[in-house]
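Here is a walk through one protein structure, written for someone meeting such things early on. Keep the picture at hand and look up each part as it comes along.

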Amino acid sequence: MEGVVVKLPSFPFLNPTISCSSSSPTIRLGFRRFSASLSAVKEGSVSLGHLTRPDFPILQQEVNGSKLVYLDNAATSQKPTAVLKALHNYYEAYNSNVHRGIHYLSSKATDEYELARKKVAAFINASDSAEIVFTRNATEAINLVAHSWGLSNLKPGDEIVLTIAEHHSAIVPWQIVAQKTGAVLKFVSLDENEVPDVEKLREVISSRTELVVVHHVSNVLGSVLPIEDIVIWAHEVGAKVLVDASQSVPHMVVDVRGLDADFLVASSHKMCGPTGVGFLFGKSNLLSAMPPFLGGGEMISDVFLDHSTYAEPPSRFEAGTPAIGEAIGLGAAIDYLSRIGMQKIHEYEMELANYLYGKLCCVPNIRIYGPKPSDNIHRAALCSFNVENIHPTDLATILDQQHGVAIRSGHHCAQPLHRHLGVNASARASLHFYNTEEDVDDFIRALNDTVSFFNSVM
């Protein structure tokens, strides 16, 4: 573990001046006005966070002698009782392998597994459940597209456009493909608001562009990209678009038909579902033209000694026994989120986002990365930050050990972005709908106490 004597170099503090009053500021987000009262989603005097918190048993515990304050939701979300019960019920009542079995248990497991696929399709408004491929996670989904579509369609000189704010899982697979095909990666930097420069991205897209790979919501900056516009620009030159929606699908309404994205990926574990499963959305005409990613059982039509023929999508891309219970658990998570309503979740989280940002701005010597909320820019419910001369891992360690506050520290699988920002690492607090203003207040008190501790020993 890194010691408390490790220091970061000093850096400029560019955060705007925001009032540190006990109530959070009102901030315009462009499409509507939110106040910090959370009144839009309160039922009586109870916020959405207070209403849903009892559904998450893990949040009811103490950690290191303090009430657990879980603010690491961008890394993984917690699971409601409904999801835990769905997993337990599968293994206790109808555990069996899916497809081809004719007995009751196999038929039941197959029905529930395929129902989960239909739930995913409906959740993101896909045209058909056959456009949903279950994968281990979003990372595998991107690798599937890279190796199946990328290796089959890219040639020397073709360009893949990305931003420097992409997660490693959206960069490394395309580096591998570029090395094998001769394709060229073109990266777009940040603008003055510390948001990927959308105008520059539009300029970089050209007749040589074959693919645009972009996040919907940044896991570091909290910024939200205009995917609809990016898709239009890409399609104008005949390019395809892959959207990493890992940080958007759990927090807002995502409509793949409205976005018109060619590929979109997300992970179950960030949307209150189990680990070990995610999904790829792909337009049916693209999936049908793509060769298999892995070979084996399930993905075949017929196997001969000298060749094989392949199943239609999505089976073509689901070789071997899938994560059956986990997919069913994802379906239960979608049911749970849908009962709340994704628009309701989004509105509540946007107000929590403003509350968190306003409170963090009042911490001495803090540097928050990403855009300031404004008329034209809004943030997701996460903040990555550094406090001058205190290493983020030291902050996270004391917050956990002394206060029971769970945040993330490190490069968040975004080393190129951190290098651009001039730091090796940052701390990150990230919220979900089961968090509350009180969670933020507890975090800020603990953070101020931790900063004071380190300043006293320096």
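Let's start with a sheet of seven strands, which is open and runs in the order β6-β12-β11-β10-β9-β7-β8, with mixed pairing. At its edges sit β6 (132-135) and β8 (184-188), each of which pairs on one side only. Neighbouring strands here are turned by 20° against each other on average, if you ignore direction. Keep in mind that everything you see is a predicted model.

What holds strands like these side by side? Strands of a sheet pair through backbone hydrogen bonds, and they can do that in a parallel or an antiparallel way. For an example, look at β11 (residues 263-267) and β12 (residues 278-282): they run antiparallel and are joined by five bridges. Pick out Phe263 and you'll find that its bridge partner in β12 is Gly282. A helix also packs on this sheet: α5 (residues 172-181) touches β7 (159-163), β8, β9 (209-215) and β10 (240-244). The direction of α5 makes about 145° with that of β8.

Now zoom in on one residue of this sheet, Val213, which is found in strand β9. Is Val213 buried or exposed? Its relative accessible area is 0%, and the cut-off for buried is under 20%, so Val213 counts as buried. Setting aside neighbours within four places in sequence, Val213 is in contact with Ile160, Val161, Leu162, Thr163, Glu166, Ala170, Trp174 and Leu242. You can also compare positions along the chain with positions in space: Val213 and Leu264 are 51 residues apart along the chain, and their C-alpha atoms are separated by 9.8 Å.

There is another sheet to look at. Four strands make up this open sheet, in the order β15-β16-β19-β18, and the pairing is antiparallel. Its edge strands are β15 (366-368) and β18 (408-410), each pairing on one side only. From one strand to the next, the twist averages 30°. Within the sheet, β16 (residues 382-387) and β19 (residues 426-430) run antiparallel, with four bridges joining them. Phe385 has Ala427 as its bridge partner in β19. Helix α11 (residues 342-360) lies across β15, β16 and β19, and runs at about 10° to β16.

Both members of that bridge pair turn up again around Ile407, which has its place in the loop between β17 (405-406) and β18. With a relative accessibility of 11%, Ile407 counts as buried. Which residues does Ile407 touch? Not counting residues up to four places away in sequence, its contacts include Phe385, Ala427, Leu71, Asp72, Leu399 and Phe443. Met342, on the other hand, is 65 residues from Ile407 in sequence and 24 Å from it in space, C-alpha to C-alpha.

Next come the charged residues. Side chains of opposite charge can pair when their charged atoms come close. How many salt bridges does a search of the whole structure find? The search turns up 18. Here are some of them:

| Salt bridge | N to O distance |
|---|---|
| Glu140 and Arg136 | 3.0 Å |
| Glu203 and Lys200 | 4.0 Å |
| Asp262 and Lys283 | 3.5 Å |

The pairs sit in various surroundings. Glu140 is buried, with a relative accessible area of 17%, whereas its partner Arg136 is exposed at 52%. Glu203 is exposed at 59% relative accessibility, while Lys200 is partly exposed at 41%. Glu203 and Lys200 are about one helical turn from each other, because they are three residues apart in helix α6 (residues 198-204).

The bridge between Asp262 and Lys283 links distant parts of the chain, 21 residues apart. Asp262 is in the loop between α8 (256-259) and β11, and Lys283 is in the loop between β12 and α9 (284-289). Both Asp262 and Lys283 are buried. Elsewhere, Lys67, Asp442 and Arg445 are linked in a network of salt bridges.

Finally, have a look at the surface. Phe453, Val457 and Met458 form a nonpolar patch there, and together they have about 280 Å² of accessible area. Phe453 lies in helix α14 (residues 437-457). With a relative accessible area of 38%, Phe453 is partly exposed.

How values were computed: Residues numbered from 1 in each chain as written. Predicted model: local features only at pLDDT ≥ 70, side-chain atom pairs only at ≥ 80, totals over all residues. Heavy atoms only, no water. Pairing = 2+ DSSP bridges. Helix = DSSP H or I, 4+ residues; strand = E, 2+ residues; numbered from the N terminus. Axes fitted to C-alpha atoms, helices over the stretch in contact; angles between N-to-C directions. Contact = heavy atoms within 4.5 Å. Patch = residues over 30% accessible without salt bridge, like charges linked within 9 Å, V, L, I, M, F, W, Y side chains within 5 Å. Areas by Shrake-Rupley, 256 points an atom, 1.4 Å probe, with all protein chains shown as cover. Salt bridge = Lys/Arg side-chain N within 4 Å of Asp/Glu carboxyl O. Buried < 20%, exposed > 50% of the residue type's maximum accessible area, 1.4 Å probe, protein only.
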